[in-house]
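Biologist: I would like to go through this model one question at a time. Please keep the answers short and give the cut-offs as the terms come up.

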Amino acid sequence: MSAVWDVIIVGAGPAGSTAATFLARDGHRVLVLERDEFPRFHIGESLLPASLPVLDALGVRPQTEAFLHKAGAQFIDEAAGRGCRFDFDAAMVGPPRHAYQVVRADFDLAIRDRALAAGAEVRHGQRVREVEFDADGVWVRTKTGSERGRFLVDATGQERMLARRHRSVAPHGGFGKAAIFTHFDGLGDAAVAEIGAEGDIRVLMRDDGWAWLIPLAGRRLSVGVISRDEKMDRSLLDALIADSPLTRRLTEGAQRAETQIIANFSYRNTAAHGRRYACIGDAACFLDPVFSSGVSVALISGELLASTLSPFLRDGTEGSDGIMAPLVQYVDRGIDTFAALIHRFYNTRFVDHFFLDAPSGDDLIPGITSILAGDVWRDDNPFQHMLLRSKRRQPEIAR
């Protein structure tokens with residue numbers, strides 16, 4: 001049977017919907033299968049400036065109900081009374097000088113809608129039960145039937161469909177292993193004033209981990225704790241709220257939503273591409289979210305997958321070996337950069353020297369800020385070169 005679809009994408013999150021939009025615009029027949037109904041709640045709410053050109057190319061326009069301006073990031077040790085703010089204006093010349101904090105339910109829906117507008121078919125409530133590759137394509141089976149495609153894209157996020165199938169999930173050693181988080185709605189006037197127009201993310205240093213405070217549109221605040229212990233419980237989030245003066249001030253009088261936990265993260269998929277398939281976004285790699293890399297890498301990798309795959313689809317050579325290797329190598333440079341910085345965050349005195357007492361005149365500050373902005377695919381950042389050299393000396397994966 002000849003393929004009905006040029007590309008079947010499993011997952012309609014930022015990576016999948018981005019890839020679907022650009023592939024459909026190129027005239028390819030694209031089917032997206034998503035297990036959840038949209039809109040749906042998700043974390044990963046802090047974007048980086050490097051992702052904004054992708055949003056512009058998609059045609060996603062910031063809406064006040066979902067997007068909050070983000071000018072930088074603050075790293076704070078409340079117990080020691082120390083902290084430092086990184087303003088994206090201080091980065092090396094490159095991407096925009098700001099980003100956004102986003103309500104993921106609305107943000108993901110907006111990107112999904114661009115895929116629909118481009119001509120992709122998106123079906124929700126479709127959990128994939130089986131995938132079968134052969135010489136000419138791929139069969140994808142759900143509870144409602146089977147679909148035939150020429151190429152498969154795994155954009156299933158932390159479900160990591162193909163990595164589980166191939167048993168290719170390799171944990172990162174020394175990073176965060178679990179997150180416990182919630183939202184607060186109805187922030188008071190004092191909290192909104194303290195957050196300020198900059199809308200910075202606050203990263204709070206904690207024993208054996210860190211916490212995030214992410215302001216969102218509509219007087220909301222996302223609050224979470226990352227731990228290096230997989231056995232964390234809800235009491236850690238309660239302790240943050242009780243012990244942190246900043247968290248108490250910002251959440252005073254606000255309504256707390258349900259508390260949620262995510263465990264078993266920080267990993268790589270060691271088989272992220274193969275004949276007639278590729279994995280993008282969190283299905284390829286998920287790093288500790290301390291530097292908010294996840295959604296931005298998903299958007300960028302979705303666009304790059306489309307531009308890489310499209311010529312092979314037109315030529316009928318999408319079944320050739322290794323066609324996705326250049327894409328994976330390119331994306332890996334950015335992931336390796338973030339991973340090296342995360343390693344230093346957890347395992348060296350780098351936080352003390354640069355994130356809590358960063359000297360304003362230090363020559364490395366523009367390079368550090370550029371990485372915090374997600375600008376990790378350039379060749380002229382001395383700090384990035386230093387990180388990548390140190391990365392080669394580190395044990396990357398703990399099995």
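Biologist: At what angle do H1 and H8 pack?

Modeller: Two packed helices are described by the angle between their axes and the distance between the axes. Axes are lines fitted to C-alpha atoms, for helices over the stretch in contact, and angles run from 0 to 180 degrees between N-to-C directions. The helices (H or I, at least four residues) and strands (E, at least two) are DSSP runs, numbered from the N terminus. The axes of H1 and H8 are 8 Å apart, and the packing angle is about 35°.

Biologist: What kind of model is this?

Modeller: Residues are numbered from 1 along each chain as its sequence is written, while side-chain values use heavy atoms and leave out hydrogens and water. Local features need pLDDT of at least 70, side-chain atom pairs count only at pLDDT 80 or more, and totals for chains, interfaces and linings use all residues, this being a predicted model.

Biologist: Does H1 pass H8 in a left-handed or a right-handed crossing?

Modeller: A crossing is left-handed if the near helix is turned anticlockwise from the far one by less than a right angle, and right-handed if clockwise. For H1 passing H8, the crossing is right-handed.

Biologist: How many residues in the contact of H1 with H8 are charged?

Modeller: Contact means heavy atoms within 4.5 Å. On the H1 side the residues include Phe22 and Leu23, and on the H8 side they include Leu299 and Glu303. Ala, Val, Leu, Ile, Met, Phe, Trp, Tyr, Cys and Pro count as nonpolar, Asp, Glu, Lys and Arg as charged, and the others, Gly among them, as polar. The contact divides into 12 nonpolar and 3 polar residues, and the number charged is 1.

Biologist: Are H1 and H3 roughly parallel or roughly antiparallel?

Modeller: Their axes come within 7 Å and cross at roughly 20°, in a left-handed crossing. Angles under 35 degrees count as roughly parallel, over 145 as roughly antiparallel, 65 to 115 as roughly perpendicular and the rest as oblique. H1 and H3 are therefore roughly parallel.

Biologist: How many charged residues are in the contact of H1 with H3?

Modeller: Among the residues that meet are Thr21 and Arg25 in H1, and Asp108 and Arg112 in H3. The contact has 7 nonpolar and 3 polar residues, and the number charged is 5.

Biologist: Is Ala20 buried or exposed?

Modeller: Ala20 is found in helix H1. Apart from neighbours within four places in sequence, Ala20 touches Ile9, Val30, Val32, Ala115 and Ala120. Although Ala20 and Ala115 are 95 residues apart in sequence, their C-alpha atoms are 5.6 Å apart. Buried means under 20% relative accessible area, exposed over 50%, partly exposed in between (1.4 Å probe, protein chains only); at 0%, Ala20 is buried.

Biologist: What should the 15 residues of helix H3 span?

Modeller: The expected span of a helix is 1.5 Å times one less than its number of residues. The end C-alpha atoms of H3 (residues 104-118) are 21 Å apart, which agrees with the expected 21 Å.

Biologist: Which residue follows H3?

Modeller: Within H3 the buried residues include Phe107, Ile111 and Ala115, and what covers the buried residues includes H1, strand E6 (99-102) and H8. The residue after H3 has a positive phi, near 110°, and is Gly119.

Biologist: Is Arg276 buried or exposed?

Modeller: Most residues other than glycine have a negative phi, and most peptide bonds are trans. Arg276 is not a glycine, yet its phi is positive, about 70°. Its place is the loop between strand E19 (273-274) and strand E20 (277-279). With a relative accessibility of 8%, Arg276 is buried.

Biologist: What is the relative accessible area of Arg219?

Modeller: Arg219 has a positive phi near 60° and sits in the loop between strand E14 (209-216) and E15. Arg219 is partly exposed because its relative accessible area is 37%.

Biologist: What is omega for the peptide bond from Phe38 to Pro39?

Modeller: Pro39 is in the loop between strand E2 (30-34) and H2. The bond from Phe38 to Pro39 is cis, with omega near -5°.

Biologist: At what angle do H8 and helix H9 pack?

Modeller: H8 passes H9 in a right-handed crossing. Leu304 and Leu305 in H8 are among the residues that meet H9, where Tyr330 and Phe338 are among those met. By class, this contact has 8 nonpolar, 2 polar and no charged residues. The axes are 10 Å apart, and the angle is about 165°.
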